[in-house]
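Please work through the exercises below with the sequence and the model open beside you, and try each task before reading its solution.

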Amino acid sequence: VQLALDRAGHACLRDSDMQERSVGTAVEAEGGIERGDLLFFPRHVAIALDTERVVHATAHSMDVCIEPLAPVIERAVAESGSGLTRVRRI
């Protein structure tokens, strides 16, 4: 995420917890996730491709991948007890 935002001309701190506090504007997930939104989970961040898919670097598959949002949320809940914690829009 840091590299992608940097390439798009947006300053971005390195760690996802720092990004969650400082990048873009917080929006309500219930209001609808849009392409390019940053989706935050405990110790993780993904970029929304649309309302149902994200691109992210994940230890689950040890690569950068595109996958449906639902399993990402399910894994976050299983691993940390919490799912999507915040949505921020650039």
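The exercises concern a predicted model, and each task is followed by a worked solution.

**Exercise 1. Overall layout**

Task: Determine how many helices and strands the protein chain has, in what order the elements run, and how its radius of gyration relates to that of a compact globule.

Solution: Begin with the inventory, which gives three helices and six strands for the protein chain. Next, read the elements from the N terminus on, and the order α-α-β-β-β-β-β-α-β emerges. For the overall dimensions, the C-alpha trace spans about 35 × 30 × 20 Å along its principal axes. A compact globule with 90 residues would have a radius of gyration near 12 Å, and because the protein chain has 12 Å, the two agree. Finally, buried residues account for 33% of the 90 residues, while among contacts between residues at least 6 apart in sequence, 45% join residues at least 24 apart.

**Exercise 2. The hairpin of β4 and β5**

Task: Describe in which sense strands β4 and β5 pair, and find what lies in the turn of their hairpin.

Solution: Locate strand β4 at residues 53-58 and strand β5 at residues 63-68; the two pair in the antiparallel sense over six bridges. To fix the register, take V54, which stands opposite E67 in β5. Then follow the chain through the hairpin, where four residues separate β4 from β5 and M62 in the turn has a positive phi of about 60 degrees.

**Exercise 3. The nonpolar cores**

Task: Identify the residues of the largest nonpolar core, and establish which element gives the most to this core.

Solution: The largest nonpolar core has 10 residues in all, namely I33, L39, F41, A46, A48, V54, L69, V72, A76 and V87. Sorting them by element shows that β2, β3 (44-48) and α3 (69-80) each give two or more residues to this core, with α3 giving the most, at three residues. A second core, separate from this one, has seven residues, including L5, C12, L38 and V45. As background, nonpolar side chains tend to be buried together in soluble globular proteins.

Now take two members of the largest core in turn. L39 is found in strand β2, and with a relative accessibility of 0% it counts as buried, because the cut-off for that class is under 20%. Beyond its neighbours within four places in sequence, L39 is in contact with I33, H44, V45, A46, A48, V54, L69, L84, R86 and V87. For a longer separation, consider S16, which lies 23 residues from L39 along the chain, with 9.9 Å between their C-alpha atoms. A48, with the same kind of sequence neighbours left aside, is in contact with I33, E34, R35, G36, D37, L39, R53 and V54.

**Exercise 4. D37 and its surroundings**

Task: Decide whether D37 is buried or exposed, and list the polar contacts that its side chain makes with E34 and R89.

Solution: First place D37 in the loop between β1 (25-27) and β2 (38-41). Its relative accessibility is 1%, and D37 therefore counts as buried. Two partners of the side chain can then be traced: the backbone nitrogen of E34 is reached at 2.8 Å, and a polar contact of 2.7 Å joins D37 to the side chain of R89. When residues up to four places away in sequence are not counted, D37 touches G32, A46, I47, A48, V87, R88 and R89.

**Exercise 5. Salt bridges, local and distant**

Task: Count the salt bridges, and work out where the partners of the D17 and R21 pair, and of the pairs made by R89, lie in the chain.

Solution: The count comes to six salt bridges. Start with D17 and R21, whose side chains meet at 3.8 Å, N to O; both residues lie in helix α2 (residues 16-22), four residues apart, about one turn of the helix. D17 is partly exposed at 39% relative accessible area, whereas R21 is exposed at 56%.

Turn next to R89, which forms a salt bridge with E34, the closest N and O atoms being 3.6 Å apart. R89 lies in strand β6 (residues 86-89) and E34 in the loop between β1 and β2, so this pair ties together parts 55 residues apart in sequence. R89 counts as partly exposed at 23% relative accessibility, and E34 is also partly exposed, at 41%.

The side chains of D37 and R89 meet in a salt bridge as well, at 2.7 Å, N to O. Because D37 lies in the loop between β1 and β2 and R89 in strand β6, the pair ties together parts that are 52 residues apart in sequence. As the last step, note that salt bridges with shared partners join E34, D37 and R89 into one network.

Note on methods. Residues numbered from 1 in each chain as written. Predicted model: local features only at pLDDT ≥ 70, side-chain atom pairs only at ≥ 80, totals over all residues. Heavy atoms only, no water. Buried < 20%, exposed > 50% of the residue type's maximum accessible area, 1.4 Å probe, protein only. Polar contact = N/O pair within 3.5 Å; in protein donor to acceptor, adjacent residues only side chain to side chain. Contact = heavy atoms within 4.5 Å. Core = buried A, V, L, I, M, F, W, Y, C linked by side-chain atoms within 4.5 Å. Salt bridge = Lys/Arg side-chain N within 4 Å of Asp/Glu carboxyl O. Pairing = 2+ DSSP bridges. Rg over C-alpha atoms; globule rule 2.2 N^0.38 Å.
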